[in-house]
Amino acid sequence: MAPLPVRVHTLLAMPYLKYYPKVEPGKVNQIEMCKIRVQREWTLADWEDHTPQIRARSVVHNERLGNDVWTIQLSDIPLAGKRSTTSQAIYESTITSGNVLPYLTVLGYKMETEFWVQGHRFFHNRIIIELTRIFVANTETFQREMGERENKTPEKIPLQLLDRSGQFLVRAYVNVAKMTDVDALSRANTELLLLQAELAGLFDLAMPDRMCMDGRVATVQEKP
Amino acid sequence: MPSAIVLVQNASPSTITGFHDQLSNELPKILNSNWQFEFKIFKNNPFSRVDPSVPTPTTFLYTLYLSYFPQKIISITNNSTSSIITSVAVSSSNDIKTEYDSDGDDDEVRKPDFDVPASHIMSNASTGLSNPWDSVLTSKLQSLWTLRQVIKGDNGNVYKLHVNQLALTIPDAVSGEPTTVTLSGALIIKTANCFLHGSFKGFLIEVEFTPSDGQIVESVMRKVVLRGLMEHYKFPLGKLCLERLNEYENVEDKYGDLCHQYAQALQF
């Protein structure tokens, strides 16, 4: 399969309510709150490349972007235990009609931040190898432009690399349709380990810290 | 395309067969003899608060699945002014409408509308392995929403009536004086038996009228026209819901209106 570009515009949303579970002796409260990622295609029409200056539309200034097709994604903390690869449950649902922004509000979420991911995807058997860079809004340049333009918001806002050194993030993963499909999971595990050995020296693929991939929001403990 | 829901709560078997006979006299086209719906009511979790001492006002979130709108979930809340539709279907070139009904109606053909565009997955915005939205709500958003009721409708019929130059005397929207309007178009009537956790809760009729001249009837007129049509075809009496989700919105939100009407009708 030919390589594909990666172009994703992501909103990170947090619940604006806090969860205060009723603490009862003998009852374990398993309910957690999750951050959600809301993602859309960072379309070419939405992308302006005057390297090094890259610009994109932001939902902060374009409420109408909410009418695009967006995918809501939630993830569990990666599975615990001694493992050779990281495995994490991801839940997602795609909104194909309607504005996602007011729905997020009624759902109980508010936008925390927004970022743009650009890069490439390569396919090796079932493995997806992703080389990406993350862009965030360049507030300094934006403020300066706003001053020059007499506070008229430009259609596309200036972006900057999150990691100014310009390095790419390399991620190798396999998407498995069902968490319960043990065979597929172990096959993916074997394939990933093979790739890791093959690429040793080129890229040193290592497992990320499990806590860094935790999508949950800390629960508030009710004071007695 | 104005729609309405009638819920006949004290329906007896004779109400149901009687209405079927009544409609059969009009020689309808029976489109699909087995359609289903699933309506879920979620209530906000009272333990999720801004501050532990301030209770959060009760809100409801609804999800609606309709078998004639496959792989989609419509969702609104009781504070919404617009709806969202989530999809697990991916559109591909195979979905191009090739087969039409013999009379040129395409009600039975799956339209690629509201499917996930392939480019959305190609760009990596989605893995392409979507879950239905109601299952995400029940599995991952329990801290905010708890599932309270699941109302299922099945054993349904879908009738399509061709309304041809039907003269109806209806009260004028502004003055209330009786006026005569001539209507032409397609009237689609879907009936189903509703069950709440297994017990029968009523006979539900979903009506949708599409005028052939393509005119979108304004809000007030929608209601009188639909009422007039229901009276003409002798609908059984019941809880009538024909409010729109957002009465002031000019843009058609067909599924949002429908979900809102289900929410109004299915309150037990």
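**Aromatic contacts in the predicted model**

Across all chains, the structure holds 14 aromatic pairs. The model is a predicted one, and the ring geometries below are read from it. Handily, a pair of aromatic rings is described by the distance of the centres and the angle of the planes.

A good place to start is the pair formed by B:F19 and B:F235. The ring centres are 5.0 Å apart and the planes meet at 70°, so this pair is edge-to-face, planes over 60 degrees apart being counted that way. B:F19 belongs to helix 1 (residues 13-24) of chain B, while B:F235 sits in the loop between helix 4 (219-232) and strand 11 (239-241) of chain B; the contact therefore ties together parts that are 216 residues apart in sequence. Both B:F19 and B:F235 are buried.

The pair of B:F39 and B:Y262 has another geometry to offer. Here the centres lie 6.2 Å apart with the planes at 25°, and because planes under 30 degrees apart count as stacked, so does this pair. Distant parts of the chain are again linked: B:F39 is in strand 3 (residues 37-44) of chain B and B:Y262 in helix 5 (residues 254-265) of chain B, 223 residues apart. B:F39 and B:Y262 are both buried.

B:F39 and B:Y262 also belong to a wider group, as ring pairs join them with B:W35, B:F37, B:Y62 and B:Y68 into a cluster. One member of this cluster, B:Y68, has a charged neighbour as well: the charged end of B:K190 sits over the ring of B:Y68, 4.0 Å from its centre. A further contact of this kind involves B:F69, whose ring has the charged end of B:K72 over it, 5.7 Å from the ring centre.

Definitions and conventions. Residues numbered from 1 in each chain as written. Chains lettered and ligands numbered in written order. Predicted model: local features only at pLDDT ≥ 70, side-chain atom pairs only at ≥ 80, totals over all residues. Heavy atoms only, no water. Phe/Tyr/Trp six-rings, centres within 6.5 Å; stacked < 30°, edge-to-face > 60°. Helix = DSSP H or I, 4+ residues; strand = E, 2+ residues; numbered from the N terminus. Buried < 20%, exposed > 50% of the residue type's maximum accessible area, 1.4 Å probe, protein only. Lys NZ or Arg CZ within 6 Å of the ring centre and 35° of its normal.
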